[in-house]
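Work through the exercises below with the sequence and the 3D structure at hand. Each task is followed by a solution in steps.

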Amino acid sequence: MNESKGAVATPLCGAGGGHAPAREVLLNPGPVNVSTRVQRALLRGDLCHREPEFARLMTSVRRQLEKAFAPSSTHTSVLLTGSGTSAVEAAIMGAVSPGRKLAVVTNGVYGERIAEIARRQGIGVVAIAPDPKTNLARFETAAPPTWTAIPTRDQVVKALEDPEVEAFAAVHHETTTGLLNPIREWGPLARARGKTFVLDSVSGLAGDAIDLEGWGADIVCGTANKCIQGLPGISFVLARPREIERMRARPPRALYFDLPKAWDAQEKGAPAFTMAVQVLFAFEAALEELLEETVAGRIARMARVANLLRDGFKEVGLELLLPAEVRSNTITTLALPARLTYARLHDRLKGKGFVIYAGQGGLEKTVFRVANMGALGEDDFRGFLAALRASLSEGACP
Ligand SMILES: *Cc1c(COP(=O)(O)O)cnc(C)c1O
């Protein structure tokens with residue numbers, strides 16, 4: 001046993017011995033490690049959300065979001081206090097009229113979640129699941145083969161040609177596996193058929209390239225605490241103004257998640273409901289950092305560290321679930337070595353200061369995930385690879 005450096009009191013077979021290192025490197029897909037500047041922004045003080053200082057803060061965050069992701073002013077923004085799912089739920093609830101349907105690509109947990117959100121709202125769902133025979137997985141897992149596959153263009157077109165379908169939804173980056181969906185191809189298909197395209201880019205924005213205007217994404221959901229490197233608690237929707245007006249014409253399905261109501265209030269400089277004020281301070285600082293780095297620069301950094309990690313994974317002989325063509329810049333899903341359970345590998349790495357992430361539904365026994373989002377440097381990733389090498393060679397415990 002080589003738990004090392006006095007960090008662990010008892011060599012509990014890699015269980016970490018209950019001693020937590022001062023700074024954990026988070027390799028989960030959000031919440032991510034943030035910079036000191038973002039952390040410090042939390043301490044700007046107490047502020048009433050109905051004062052002009054708050055209006056300035058909220059407007060600054062909205063304008064920076066629009067500048068980062070819709071630089072030619074094609075989309076407006078609405079902030080929500082809630083995690084990323086709240087933005088997705090609000091967008092879906094607003095995008096479909098009573099009696100009409102939502103077509104949704106279901107090739108992972110998050111696409112399936114969108115379908116479930118719609119069903120719970122009584123919205124008819126046309127699920128677009130890939131053919132299991134097109135499975136791209138490079139090793140076997142207990143997960144549905146549809147989670148490691150991509151629907152064909154013809155499947156998408158067929159669903160969009162259903163006259164009852166009013167909106168099309170897809171996930172940009174399926175966090176389930178780290179799979180990047182070809183939304184660049186799908187957006188124009190929806191546009192050509194007059195369907196509103198709702199995109200969950202909660203784990204995609206600032207991690208992988210996206211052109212909202214060029215790819216025809218009408219309503220896009222994001223969160224503060226993934227590739228934008230803010231803190232959890234605030235999410236947002238970027239929408240074409242036309243889509244806000246279309247939503248306004250539909251009977252609202254909710255009060256808190258009524259996007260036109262929230263947008264109107266935010267345009268007037270006051271939120272409809274109490275917002276997570278201090279989290280918004282941190283979000284403002286994170287967006288300043290993003291714009292300083294530039295979105296293209298952030299994406300390039302994510303790609304660079306993903307490559308650094310993937311080269312390291314190859315060196316230690318770990319298999320990657322997805323082929324290179326469909327991998328995102330920010331998540332790598334790897335086969336668990338046969339003699340190690342996820343829990344054991346997790347605990348050994350956590351004992352060394354690194355938090356990895358489990359697979360979901362059917363993937364939890366065969367894979368682990370490593371995200372490279374967040375305010376981390378190449379040294380953190382090199383340190384992780386060294387810790388991983390050590391954890392893999394510690395051997396099986398009785
Ligand atoms: C993280 C994530 C969400 C939202 O998850 P929350 O836990 O609600 O923040 C939604 N969609 C995708 C693709 C995600 O990665």
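A residue counts as buried when its relative accessible area is under 20%, and as exposed when that area is over 50%. The model used here is predicted.

**Exercise 1. Two positive phi values**

Task: Determine whether serine 73 and alanine 206 are buried or exposed.

Solution:
- Step 1. Locate serine 73: the loop between helix 2 (52-69) and strand 2 holds this residue. Its phi is near 60 degrees, which is positive although the residue is not glycine.
- Step 2. Apply the cut-off to serine 73. The relative accessible area is 63%, and exposed means over 50%, so serine 73 is exposed.
- Step 3. Locate alanine 206: this residue sits in the loop between strand 8 (196-200) and strand 9 (219-223). Its phi, near 75 degrees, is again a positive value in a residue other than glycine.
- Step 4. Apply the cut-off to alanine 206. The relative accessible area is 0%, and buried means under 20%, so alanine 206 is buried.

**Exercise 2. Strand 8 and its partners**

Task: Explain why strand 8 is described as largely enclosed, and find which strands pair with strand 8.

Solution:
- Step 1. Count the buried residues. Five of the five residues of strand 8 are buried, so the strand is largely enclosed by the rest of the structure.
- Step 2. Sort the side chains by direction. Thr196, Val198 and Asp200 point one way, Phe197 and Leu199 point the other way, and all are buried.
- Step 3. Look for pairing. Strand 5 (residues 165-171) runs parallel to strand 8 and is joined to it by five bridges. Strand 9 is also parallel to strand 8, with three bridges between them.
- Step 4. Follow leucine 199. This residue stands opposite alanine 170, and its bridge partner in strand 9 is valine 220.

**Exercise 3. Strand 2**

Task: State in which sense strand 2 and strand 10 pair, and how many residues of strand 2 are buried.

Solution:
- Step 1. Strand 2 (residues 76-81) has five buried residues out of six, and is mostly covered.
- Step 2. Strand 10 (residues 234-239) pairs with strand 2 in the antiparallel sense, over six bridges.
- Step 3. One pair to check is serine 77 with its bridge partner, leucine 238 of strand 10.

**Exercise 4. An open sheet and a helix across it**

Task: Give the strand order of the open sheet of three strands and name its edge strands.

Solution:
- Step 1. The order is 11-14-13, with antiparallel pairing.
- Step 2. Strand 11 (331-335) and strand 13 (357-358) are the edges, since each pairs on one side only.
- Step 3. Strand 13 and strand 14 (residues 367-371) share two bridges. Here alanine 358 stands opposite phenylalanine 368.
- Step 4. Helix 10 lies across strand 11 and strand 14, at about 10 degrees to strand 11.

**Exercise 5. Helix 10 against helix 12**

Task: Describe how helix 10 and helix 12 pack.

Solution:
- Step 1. Helix 10 (residues 295-315) and helix 12 (residues 378-393) have axes 10 Å apart and an angle of about 15 degrees between them.
- Step 2. Angles under 35 degrees count as roughly parallel, so helix 10 is roughly parallel to helix 12.
- Step 3. The crossing is right-handed.
- Step 4. Among the contact residues are Leu308 and Phe313 of helix 10, and Phe381 and Leu385 of helix 12. By class, the contact has eight nonpolar, one polar and five charged residues.

Methods: Residues numbered from 1 in each chain as written. Predicted model: local features only at pLDDT ≥ 70, side-chain atom pairs only at ≥ 80, totals over all residues. Heavy atoms only, no water. Buried < 20%, exposed > 50% of the residue type's maximum accessible area, 1.4 Å probe, protein only. Helix = DSSP H or I, 4+ residues; strand = E, 2+ residues; numbered from the N terminus. Pairing = 2+ DSSP bridges. Axes fitted to C-alpha atoms, helices over the stretch in contact; angles between N-to-C directions. Parallel < 35°, antiparallel > 145°, perpendicular 65-115°, else oblique. Left-handed = near helix turned anticlockwise from the far one by under 90°. Contact = heavy atoms within 4.5 Å. Nonpolar A, V, L, I, M, F, W, Y, C, P; charged D, E, K, R; others polar.
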